[in-house]
Amino acid sequence: MQIKKFLKTRHLMLCSFLFITACIENAPLDSLSPAGPYARTIDDLFWLTFWIAVVIFFIVQGALLFSVFYFKDSPDKPEPKQIHGNNFLEILWTIIPVIILASIAVPTVRTIFDLAREPEDALKIEVIGHQWWFEYKYPDFAITTANVLVIPEDTPIRLEMWSNDVLHNYWVPKLNGKRYLVPGQKTYLNLHADNAEEFWAQCGEYCGLSHSKMRGRVLSLSQSDFDSWVMNQQKNAANDLDQNSLAYEGQQVYLNAGCTQCHVIDGVWDVQGEQIAPNLTHFGIRNVFAGAALKNNPENLTKWLANPAQIKPGTFMPNLELTEREIEALIEYLGTLK
Amino acid sequence: MTKIIEPKKQRNIFSRPSSETGIWSWITTVDHKRIGIMYGYAAFFFLLVGGLEALLLRIQLSQPDNNFLSAAEYNAMFTMHGTTMIFLAIMPISAAFFNYLLPLQIGARDVAFPRLNALSFWIFIAGGLFLYSTFLFGTAGAPEGGYLDEEVSRLASAPNGGWFGYQPNAGLKYSPGTAMDYWAIGLQILGIASLVSAFNFITTILNMRTKGMRLMRMPVFTWMTFAVSFLLAFSLPIIAIALFFVTFDRQFGTTFFLTEGGGDPVLWQHLFWLFGHPEVYILILPAFGIVSEVLPTFSRKPLFGYPAIVFAGFGIAFIGFGVWAHHMFASAISPVAQAGFGLSTMIIAVPTGVKIFNWLGTIWGGKLTLNTPMLFALGFIGMFVIGGLSGVTHSVVPADTQQTDTYYIVAHFHYVLFGGALFGIFSGLYFWFPKVWGRMYNETMGKIHFWLMLIGFNVTFGPMHWLGLQGQVRRTWVYAEETNLGFWNLIVTIGAFILAVAILVFMANWIYSRRKGEKAPFDPWDARTIEWSIPSPTPVWNFSKAPEIKSLDDFWHQKYGEDEDGRAVRREGTDELLLKLEEEGLNPDEEIHLPSPSYFPLILAFGLPFLGYAIIYKSVPLALVGVILLLIGGFGWGTEPLEEEFETSEENPDAKESSTYE
């Protein structure tokens, strides 16, 4: 326990170790601030390895620097003894690393299998990678959403993942390590968040032009909040807007300008065949959009709708040459999709 | 020079090249030393190009949400940076050392196949130019159906799928245009160059050693050349096949790696890393060899545990083929595979540790001369250890799933390949400078170069560990301000510019010392191996007569014995011995027949890029040009003797006649 406590101060120690004066604690993608049991297991293993490495680091660099200063040539120094080797020493420094590595290997192998095991009573969610956004499906609740993964707190989650195009890599640093999304086969990853909190996600694998903007959020909610979120998600979007409202005008833009080629709004429009764009039914309650590259606010939406490729190079969303009025109406409409 | 005999002119389609100075003497040379020097300069040129690409990347990342480069440009730059540094800078600069030093270290007149050696070099040049011609002719764009806001610039018209070219992103659908074809075919051509030289070096080491140069008397650098040659010979065919698959997928509609046709993108990862991991050792083992020469020389002690270092090198090379999936721990592999490859990765740390401890044992108790090559060799140990230790954290699979694809990995492999391989290479460049040029480099500038490089290196790559752990992913064109990664990225960019200054100091020193440096004695370091027993710069014939080797570090033992305490004692008559060696080295007393220069390796090599263009542009005329060049090169080569008959040779009755033929 004492050791645990000592290790708790490790962030501080690492900072001083790396001569970090402007040490950042609030990095949302920090892999060293675990917020769930899976990430914590990994974190413990990393620090075990790290401290062993630090000890070896000081021994080797110490021996190196000592030799440089102590054995440096000086005029009165005699010629050195011609030592060709020493079997005992050489066997020693072969065996000691083997023992040290074995002490890392045992917990490593155990943790590999622990992390891979499917947790009991896990909530199953499907993650589908697209260039450049993540789609989420909840088979138990018949929900399809995008960019923001909503999960109940303190509940094991089992992600079943695949890709619709190229390789992607799903990463929520505070909850677990990474796992690739591969076209044509399924991979699995477990998540588990201790508390109700918002986390950042990021695609790890280079996946083309806008790889760096393929981001995400994971929103962990209390069980009751999660239940009401599910109830809300299962509702269709309203189709009885006041015909004189700006929102109604926006809906007409959605239906006529070309958005319906790719985007589904349940209860308003369904797209046949493969989904290549996010489902917008509850767009208004997501706090980010465009692969979580932008915060969901009118200003960002205006920029995005005016020229998507400027925000995300290579995007499959065309510039529909909307007028200012159409954009304004569309934003109003999207805001009603709660 | 009087003892070298003029060859008679050749009666071929081309008259045989015969100039000994000037540009044609270099272009047609088959002399391993000249080929080595050309390899060195060409590789250094590409090192500068790759460095410029890195600076562009660092300017882009110096602040969050920056717009210095477009996404397309950024992706092209990091792909070309990686590809250039690995295939066009570090590998060929190692080849420069192999070429120049290998025959000298084993007491040979040249490599086993001198023209094949020239062929390797020219294929490397042809492949490098072919790859870089993408900036002139290549095209790139958004994936099928995607939109770009601006036109693709020339800077972005380069390969953009990463140096690892993961499928299907690097396939035709997601990387349209010809740029990725330039990459796949360019690497294919470069691979031929490396394969050819690998077989040449293996044959040379096995067959061309001088009398008494038993295997266990070979210098460690020669041993590492041997190990690298085997690594090349076994790993390059794998990538050759994988690159053919990619080219077929892109050009001829096959689906080796495409799911929609029943292919598997993960297969590409396996094939790529099955080559890619041995490749890592191809890059680092030459540096291991170099520091194993430098450390004993400037410690005035023999290498500690020579057999252990040799066997550890081969152990690393062998195990290096069994660790590839540690690049794929987050990919679609089973927990059993994760555990297996995690363990094999840990095991490879053991021989690596043996080497490091033995190097420490070498300097321990020595009498250290802290000049530039020694500083770089010591810096190599210090930096490589950091890279090695962060490597161990990757073998811990669960931890690696957090670190993989982040800047932590970028930090790790730059500590290994820059702090390791490149520091070793700089150590070697300074160490053998006097032997190659016959002049001394400037020590003060050398030391400034070292310290700038050590500081710049750590400022650049040290904070990357932290950035990676804080969540900065690799190949990221921009990062959000909220990630709070801006500060350290700016520091990293500053470090990169310190490194650029260090390289400028190195170049200034090189240019100055080549012209104005002090004349070098032939054994300036009181060195150990036989390349120091011949004049500086190395005479064209290397050894005036084949040396006979009586022990490991033969030249040292000619100069020094040991007293009853085991301390080195300079033998009586050493000064006379050295004078005699220099006198003999400059004046060979027998006729020396050197392989004659040839055009054909050059012609053959430059057929290959035409075949590459022919595949990309589906052009029969270009293919014909390529085939014709290959045929001329191959046929001319086949009918041309290695050495021309010599005019004064007594066995040649036509000698008189042929001189009139001229």
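**Exercise 1. The interface**

Determine how many residues of chain B are in contact with how many residues of chain A in this predicted model.

*Solution.* Apply the cut-off: a contact needs C-beta atoms, placed from the backbone, within 7 Å. The count gives 89 residues of chain B against 88 residues of chain A.

Next, assign the chain B side to its elements. Those that give two or more residues are H3 (71-105), H8 (265-299), H9 (306-319), H10 (335-363), H11 (372-395), H12 (397-403), H15 (443-469) and strand S2 (568-570) of chain B. H10(B) gives the largest share, 15 residues.

Then sort this side of chain B by residue class. The result is 50 nonpolar, 28 polar and eleven charged residues.

**Exercise 2. The sheet**

Work out the strand order of the five-stranded open sheet in chain A, and find its edge strands.

*Solution.* Start with the order: S4-S10-S9-S6-S7 in chain A. The pairing is mixed. Strands of a sheet pair through backbone hydrogen bonds, either parallel or antiparallel.

Now look for strands that pair on one side only. These are S4 (148-152) and S7 (179-181) of chain A. From one strand to the next, the twist averages 25 degrees.

Take one pair in detail. S6 (168-171) and S9 (197-203) of chain A run antiparallel, joined over two bridges. Trp171(A) has Gln202(A) in S9(A) as its bridge partner.

**Exercise 3. A helix across the sheet**

Identify the strands that helix H5 of chain A lies across, and give its angle to S4(A).

*Solution.* Helix H5 (223-233) of chain A lies across S4 and S10 (215-221) of chain A. Its direction makes about 130 degrees with S4(A).

Key:
Residues are numbered from 1 along each chain as its sequence is written. Chains are lettered from A and ligands numbered from 1 in the order in which they are written. This is a predicted model: local features need pLDDT of at least 70, side-chain atom pairs count only at pLDDT 80 or more; totals for chains, interfaces and linings use all residues. Two residues are in contact if their C-beta atoms, placed from the backbone, lie within 7 Å. Helices (H or I, at least four residues) and strands (E, at least two) are DSSP runs, numbered from the N terminus. Ala, Val, Leu, Ile, Met, Phe, Trp, Tyr, Cys and Pro count as nonpolar, Asp, Glu, Lys and Arg as charged, and the others, Gly among them, as polar. Two strands pair if DSSP finds at least two bridges between them. Axes are lines fitted to C-alpha atoms, for helices over the stretch in contact, and angles run from 0 to 180 degrees between N-to-C directions.
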